[in-house]
Each structure stands twice: as C-alpha cells, then as structure tokens.
Amino acid sequence: MCKTFADKVIEFNQNLKYAGNLPEGFQVLNPYLDNPETMEVMQKFYHKYYNDSHPRKFIVGINPSRHGAGVTGVPFTDTKRLESACGIKMKSAYTHEVSSVFIYDMIAEYGGVEKFYRDCYINSPFPLAIVRKSKNGWLNANYYDDKRLFEDVKDFMIDSLKKHISLGLDTSEVFILGKKNADFISKLNEEEKLFDTMTVLEHPRYIQQYKSKEKQLYIDKYIVALKK
C-alpha cells in the first residue's frame, strides 16, 4: 500500500536520533523519547492534516524550541495552539511559545489549519531541540549559535533536509524563516543543490518580540509569498 505524507513524516520522527558530536555545554533533546504522549499527539496531528499524497511547500525553521515542537512534536505549535486551533489536547504538558502565536495568527488569515497544512509543511534542518548550559540552567540554543556546533551538526542537517524533501515536497522554492538561518541554509544549498530558489521571511519570534506593532504587515508578507 502506498504510504501517505503523514505515514512518511511519522516514520521520520519515530526514527529521529542524533548520535553525533556536540561541543561542551550543549545538549540535544528528543521530545519523542522524553515524553510518550509527544509521539501520540504528533501522530494524531499528521494523520489529521497530512493523510494524503499532495506535494507541499516547504517552510524551514531553525530548530525546535523546548516549549513548542520540543513538547508537542509539531513545529511552531505549543500545547495551547495544538488544542485551540488543531483540536488535539495534550494532557501531560502545558506550554506557551511566542513563535506559535504568530504562526497560528497567520494560519487563521491564510484560510485556517486545514487549508494551510494542505498546502504547506513546516520543519527544521535540525529537527530536534538544542539547549545550552548557562548559569541559570539550560537555555534554548540555535544550531548556528556556535561555529563548532554547526560543524558538528552540519551533516545531520543535510541528511534531514534530504529526508524531508523525499516526503514529497516542492523544491522549486523553499521558504526560510530568519535571515541568519537563511545564510546557513544558503551555504548548504550551494553544496547540495537542494532547492531552486530561496525566499526569506522574518522569523516569527523576531516579529513577535521586536515588530509586534507591524505584525499585520508580516502576516500579509507571509501569505503573499506562500500563495503566489
């Protein structure tokens, strides 16, 4: 039987593990191993919105945060939005994540979750959460925060991007969230020729934190880019 888009994403997530090197002071968190309910709600989400074989546009984040996909297993989706927008309740955790607020406000204006997820797939080149040790405990980190970290995870990122593409994604144009992220993805793309063109959009966290008064402009920008 032919596997659906959902089956392929679920299989990718079930087999996710990072066994490579990391610089001192960094750790990788795997939400699927840390909480059994994460695997459960992730499967419900993809079966609900991706149970078909349609090609989709690829939106590329950085790496999951501890409070978004690091808990729910669904990119840019905290437990609040997972329940209120997607109708999937998570019992073992309750999270609020800044980027998730912007993404779901944008999705509502795009035409709602069914329409958006029918057209688009979001994930990250490094699809697991990265944390960095600080005086106050562990904090979210980006794969590009440290030169050695990027060098350590680079091959894993290329492999992950290729696996995402094989799900059935349109490679003629990719949508990259965050300018710094785009600089790094651009380097990978030059080496691996993964995508024909790259469209860069401001990262949801940046918009929510620094440009909240102009939020509508950014929502419009996303929608124009994704619907053209």
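Start by selecting β5, α9 and α10 (204-210) in this predicted model: each of them supplies at least two residues to the lining of the largest pocket. Color α10 separately, since the largest share of that lining, four residues, comes from α10. Now show side chains for Ile 62, Ser 99, Asn 142, His 203 and Arg 205, which lie nearest the pocket's centre among its 28 lining residues. The space in here is about 500 Å³, and the lining splits into eleven nonpolar, twelve polar and five charged residues.

Stay with β5 (137-141) and bring up its sheet. The strand order is β1-β4-β5, an open sheet with antiparallel pairing. β1 (26-29) and β5 are the edges; each has a single partner strand, so one side of each has no neighbour in the sheet. On average, neighbouring strands here are turned by 40° against each other, direction ignored. Zoom in on β1 and β4 (residues 129-134), joined by four bridges; pick Gln 27 and you'll find Val 131 as its bridge partner in β4.

Next, go back to α9 (residues 179-192) and add α8 (residues 147-165): they pack at about 65°, axes 11 Å apart, in a right-handed crossing. On the α8 side, click through Phe 150, Lys 154, Met 157, Ile 158, Leu 161 and Lys 162; on α9, take Phe 184, Leu 188, Glu 191 and Glu 192. That contact has six nonpolar, four charged and no polar residues.

Last stop: keep α8 and add α1 (5-14), the elements giving two or more residues to the second largest pocket's lining. Four come from α8, the largest share. Look for Phe 12, Phe 156 and Lys 163, among others, around about 220 Å³ of space.

Key
Residues numbered from 1 in each chain as written. Predicted model: local features only at pLDDT ≥ 70, side-chain atom pairs only at ≥ 80, totals over all residues. Heavy atoms only, no water. Axes fitted to C-alpha atoms, helices over the stretch in contact; angles between N-to-C directions. Left-handed = near helix turned anticlockwise from the far one by under 90°. Contact = heavy atoms within 4.5 Å. Nonpolar A, V, L, I, M, F, W, Y, C, P; charged D, E, K, R; others polar. Pairing = 2+ DSSP bridges. 1 Å grid on protein atoms, 1.4 Å probe; cavity = no way out; pocket = protein on both sides within 12 Å on 5 of 7 lines; lining within 4 Å. Points joined across faces, edges and corners; volume = space filled by probe spheres on them.
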